[in-house]
Amino acid sequence: MSELPHCPECSSEYTYEDRNMYVCPECGHEWLQKVDTTKDEEGKQVRDANGNLLQDGDSITVIKDLKVKGSSLVVKVGTKVKNIRLVDGDHDIDCKISGIGAMKLKSEFVKKLL
């Protein structure tokens, strides 16, 4: 069992975890846990729908019709995209698609061109 930190407000040793927070039952103080992000950033790998590793500058193709949010445009199956950039967040890929402009795509809807 890991040792939980003492409460920074009242120094109580009876703290407990609640999701990503520590809670002190004696004074009611809550504070965020410090998360070690070095493991996530070093091990972060973006893969396409087929499991191929994607890198900045790769060329990809779209494997599913994708509706563009907020407009009537659709990115069609087979649309080729060059020079992608990988980013953190819900959408993994920043790119420019001719005829549409700047887009953010999820890696699960693309295939790497070999």
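The following exercises, each with a worked solution, concern a predicted model.

**Exercise 1. Cysteines**

Determine how many disulfides the whole structure holds, and examine Cys7 and Cys24.

*Solution.*
Step 1. A disulfide is a covalent bond between the sulfur atoms of two cysteines. The cut-off applied here is that the two sulfur atoms lie within 2.5 Å.
Step 2. A search of the whole structure returns zero disulfides. Cys7, for instance, takes part in none: the nearest cysteine sulfur belongs to Cys27 and is 3.6 Å away.
Step 3. For Cys24, the closest cysteine sulfur is that of Cys10; the separation is 3.6 Å, which is too far for a bond.
Step 4. Residues under 20% relative accessible area count as buried. Cys7 is therefore buried, at 3% relative accessibility, and Cys24 is buried as well, with a relative accessible area of 1%.

**Exercise 2. The aromatic pair**

State which residues form the aromatic pair, how their rings are arranged, and whether each residue is buried or exposed.

*Solution.*
Step 1. A pair of aromatic rings is described by the distance of the centres and the angle of the planes.
Step 2. The structure contains one aromatic pair. Its members are Tyr22 and Trp31, with ring centres 5.7 Å apart and planes at 45°.
Step 3. Planes under 30 degrees apart would count as stacked and planes over 60 as edge-to-face, so an angle between these limits is called tilted. The pair of Tyr22 and Trp31 is accordingly tilted.
Step 4. Tyr22 has 15% relative accessibility and so counts as buried. Trp31, at 15% relative accessibility, is likewise buried.

**Exercise 3. The largest pocket**

Give the volume of the largest pocket and describe its lining.

*Solution.*
Step 1. The volume of the largest pocket is about 290 Å³.
Step 2. Its lining includes Leu66, Lys67, His91, Met103, Leu105 and Phe109.
Step 3. Strands S5 (66–67) and S10 (101–105) are the elements that give two or more residues to this lining. S10 provides the largest share, three residues.
Step 4. By character, the lining residues comprise five nonpolar, one polar and four charged.

**Exercise 4. The partner of S10**

Identify how strand S9 is joined to S10 and what lies between them.

*Solution.*
Step 1. S9 (residues 93–97) runs antiparallel to S10, and five bridges join the two strands.
Step 2. Across this pairing, Cys95 stands opposite Met103 in S10. Met103 is also one of the residues lining the largest pocket.
Step 3. S9 and S10 form a hairpin, with three residues between the strands. In the turn, Gly99 has a positive phi of about 90°.

Key: Residues are numbered from 1 along each chain as its sequence is written. This is a predicted model: local features need pLDDT of at least 70, side-chain atom pairs count only at pLDDT 80 or more; totals for chains, interfaces and linings use all residues. Side-chain values use heavy atoms; hydrogens and water are left out. Buried means under 20% relative accessible area, exposed over 50%, partly exposed in between (1.4 Å probe, protein chains only). On a 1 Å grid over the protein atoms alone, a cavity is a set of points where a 1.4 Å probe fits but cannot get out, and a pocket is an open set with protein on both sides within 12 Å along at least five of seven lines; lining residues have an atom within 4 Å of a point. Grid points are joined across faces, edges and corners, and a volume is the space filled by probe spheres set on the points. Helices (H or I, at least four residues) and strands (E, at least two) are DSSP runs, numbered from the N terminus. Ala, Val, Leu, Ile, Met, Phe, Trp, Tyr, Cys and Pro count as nonpolar, Asp, Glu, Lys and Arg as charged, and the others, Gly among them, as polar. Two strands pair if DSSP finds at least two bridges between them. Rings of Phe, Tyr and Trp (its six-membered ring) pair if their centres lie within 6.5 Å; planes under 30 degrees apart count as stacked, over 60 as edge-to-face and the rest as tilted.
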